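Trainee: I am new to this structure. Could we go through it step by step?

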Amino acid sequence: MIKTATDKYQDIRDAVRALCAEFPDEYHRKIDEQRAYPEAFVDALTKAGWLAALIPQEWGGSGLGLAEASVIMEEINRSGGNSGACHGQMYNMGTLLRHGSQAQKALYLPKIASGEWRLQSMGVTEPSTGTDTTKIKTTAVKKGDRYVINGQKVWISRVQHSDWMILLARTTPLADVKKKSEGMSIFMVDLRQAEKSGMTVRPIPNMVNHETNELFFENLEIPEENLIGQEGQGFKYILDGLNAERTLIAAECIGDGYWFIDRVTRYVSERVVFGRPIGQNQGVQFPIAEAYIEIEAANLMRYKACELFDAQQPCGAQANMAKYLAAKASWEAANACIQFHGGFGFANEYDIERKFRETRLYQVAPISTNLILSYVAEHQLGLPRSF
Ligand SMILES: Cc1cc2nc3c(=O)[nH]c(=O)nc-3n(C[C@H](O)[C@H](O)[C@H](O)COP(=O)(O)OP(=O)(O)OC[C@H]3O[C@@H](n4cnc5c(N)ncnc54)[C@H](O)[C@@H]3O)c2cc1C
């Protein structure tokens with residue numbers, strides 16, 4: 001492994017690395033080839049308590065900060081795994097924690113902490129509205145003590161490996177609200193129950209081994225006690241959760257970035273062409289060094305975001321910038337890694353093409369790079385709103 005400074009999280013790093021070492025490259029490669037879910041890996045992480053890092057101790061979690069949680073995600077990706085299979089379990093519950101009632105927290109959080117229930121899914125994106133979330137068309141209409149859901153979602157991940165999903169739906173039509181961000185609400189959806197009574201799941205085969213789906217709702221009934229927080233405030237609640245999600249995904253990209261740098265530095269030191277290691281050529285060294293510099297810089301922004309988040313300070317800009325920098329840096333590292341492995345970079349057995357596909361996703365999801373640039377332009381630089 002390339003040298004990275006030891007930090008105060010070394011104990012966590014060592015423990016997560018030890019667990020991940022039980023799931024070597026062959027394990028992740030086979031799961032990817034079979035388009036399967038890494039059940040044994042996710043189970044081991046759950047049983048060891050790592051996915052409950054952000055749940056307070058009073059609800060059965062370990063009550064760690066975002067910095068520690070981000071180190072867990074980083075180490076999974078640095079070890080060759082893909083946190084995308086399970087990161088939802090770590091951060092989706094934040095919405096419940098911040099906005100749920102005491103009764104809801106008491107019902108859900110201990111079971112999520114123990115892993116008895118998985119809350120791995122969040123249903124926001126819709127096919128016809130994309131990033132323009134306030135235009136969502138899925139509706140939740142109150143009828144007696146239930147809400148009736150109709151509409152469609154797309155790209156909703158881990159539905160087949162989750163017990164619960166947080167769903168964003170319109171409770172007041174867009175035309176009847178003062179601000180477009182009002183009138184949306186979030187609900188806990190019991191997924192197995194929903195599949196029997198109004199929700200259809202259609203898996204989307206995709207470039208990454210990422211279990212993601214189209215969802216169709218036809219008169220799905222949800223008990224009113226599954227509404228989280230106040231009706232009409234759901235969009236704000238979702239936004240509240242994004243800083244943690246962005247920062248954790250930044251850490252995953254940083255883990256990926258180090259993984260690529262580890263692999264490529266080792267390979268170019270050993271591979272001899274024209275009578276010398278290819279890593280002796282500056283044309284090979286420089287793109288690798290450049291990617292490494294960018295990963296290190298992204299890492300600083302990731303810790304800045306964590307520090308502010310853990311101090312309960314505003315951190316929207318830092319979380320977004322960390323995600324932007326880290327996704328870009330891991331992508332540069334991935335490019336250098338595949339390039340300098342020559343033809344071997346494309347062979348499945350080297351795992352590079354798999355990690356290359358996996359890290360590419362983070363330029364688009366959970367938020368595209370352009371939308372981060374637009375956030376920074378408007379919120380940090382005070383430039384006029386473009387939409
Ligand atoms: C594998 C995968 C898993 C996902 N998991 C989930 C999930 O679990 N839950 C969920 O709700 N969603 C999920 N998503 C959806 C994801 O969040 C969206 O794909 C992403 O936010 C981009 O939205 P879109 O695909 O609708 O793209 P669009 O909104 O159609 O945008 C397409 C592209 O256009 C550009 N663009 C759009 N608007 C602007 C603008 N105003 N200015 C400049 N550029 C612009 C951006 O570059 C963007 O990438 C997932 C997506 C993928 C691919």
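Trainee: Which residues does the UniProt annotation "domain: Acyl-CoA oxidase/dehydrogenase middle" cover?
Mentor: Keep in mind that this is a predicted model. The annotation comes from an unreviewed UniProt entry. The span has 6% helix and 47% strand. Its end C-alpha atoms lie 20 Å apart. The annotation covers residues 121-219.

Trainee: Into which domains is the protein divided?
Mentor: There is domain 1, at 10-114. Domain 2 takes 121-232. The remaining one named is domain 3, at 236-380.

Trainee: How many residues does the contact take from domain 2, and how many from domain 3?
Mentor: The centres of the two domains, taken over C-alpha atoms, are separated by 31 Å. On the domain 2 side, the touching residues are 6 nonpolar, 4 polar and no charged. The contact takes 10 residues from domain 2 and 8 residues from domain 3.

Trainee: Why does the ligand lie between two domains, and which are they?
Mentor: Look at who supplies the shell around the ligand. Both domains give residues to that shell, so the ligand lies between them. They are domain 2 (121-232) and domain 3 (236-380).

Trainee: Which residues are the closest to the ligand?
Mentor: The ligand is surrounded by 22 residues. By class, the shell has 11 nonpolar, 11 polar and no charged residues. The closest are Val 124, Gly 130, Thr 131, Ser 368 and Asn 370.

Trainee: Which element gives the most to the shell around the ligand?
Mentor: Start with the elements that supply at least two residues each: β1 (121-123), β3 and α13 (369-380). One of them gives 3 residues, the most to the shell. That element is β3.

Trainee: What is the bridge partner of Lys 142 in β3?
Mentor: First find the strands. β2 covers residues 139-143 and β3 covers residues 146-157. They pair in the antiparallel sense, over 5 bridges. The partner of Lys 142 is Tyr 147.

Trainee: Which residue takes a positive phi in the hairpin of β2 and β3?
Mentor: This hairpin has 2 residues between the strands. One residue there has phi near 65 degrees. The residue is Gly 144.

Trainee: Is Trp 155 buried or exposed?
Mentor: Trp 155 sits in strand β3. Its phi is positive, about 65 degrees, although it is not a glycine. Most residues other than glycine have a negative phi. Trp 155 has 20 C-beta neighbours inside 10 Å, so it counts as buried.

Trainee: And Arg 158, buried or exposed?
Mentor: Arg 158 is in the loop between β3 and β4 (164-170). Not a glycine, Arg 158 still has a positive phi of about 60 degrees. There are 26 C-beta neighbours inside 10 Å, so Arg 158 counts as buried.

Trainee: How many residues of strand β5 are buried?
Mentor: β5 runs over residues 184-190. β4 and β5 are antiparallel and joined by 7 bridges. In that pair, Ala 169 stands opposite Ser 185. β5 is mostly covered, and the count of buried residues is 6 of its 7.

Trainee: Which residue stands opposite Phe 187 in β8?
Mentor: Strand β8 takes residues 227-228. β5 and β8 run antiparallel, joined by 2 bridges. Opposite Phe 187 stands Leu 227.

Trainee: Which peptide bond is cis, with omega near -5 degrees?
Mentor: Most peptide bonds are trans. Look in the loop between α12 (352-360) and α13, where Pro 366 is found. The cis bond runs from Ala 365 to Pro 366.

Trainee: What do the buried residues of α12 pack against?
Mentor: The buried residues of α12 include Ile 352, Phe 356 and Thr 359. Arg 354, Lys 355 and Glu 358 are buried there too. They pack against α2 (25-33), α9 (234-270) and α11 (316-340).

Trainee: Which residues does Leu 97 touch, not counting those up to four places away in sequence?
Mentor: Leu 97 is in helix α6, residues 93-99. Leu 97 is partly exposed, with 18 other C-beta atoms within 10 Å. Leu 54 is 43 residues away in sequence and 9.7 Å away in space, C-alpha to C-alpha. The residues touched by Leu 97 are Lys 105 and Leu 109.

Key
Residues numbered from 1 in each chain as written. Predicted model: local features only at pLDDT ≥ 70, side-chain atom pairs only at ≥ 80, totals over all residues. Pairing = 2+ DSSP bridges. Helix = DSSP H or I, 4+ residues; strand = E, 2+ residues; numbered from the N terminus. Near = placed C-beta within 6 Å. Nonpolar A, V, L, I, M, F, W, Y, C, P; charged D, E, K, R; others polar. Domains from an automatic or database assignment. UniProt positions renumbered as here; feature names shortened; annotations may be inferred. Buried ≥ 20, exposed ≤ 12 C-beta atoms within 10 Å, placed from the backbone. Contact = placed C-beta atoms within 7 Å.
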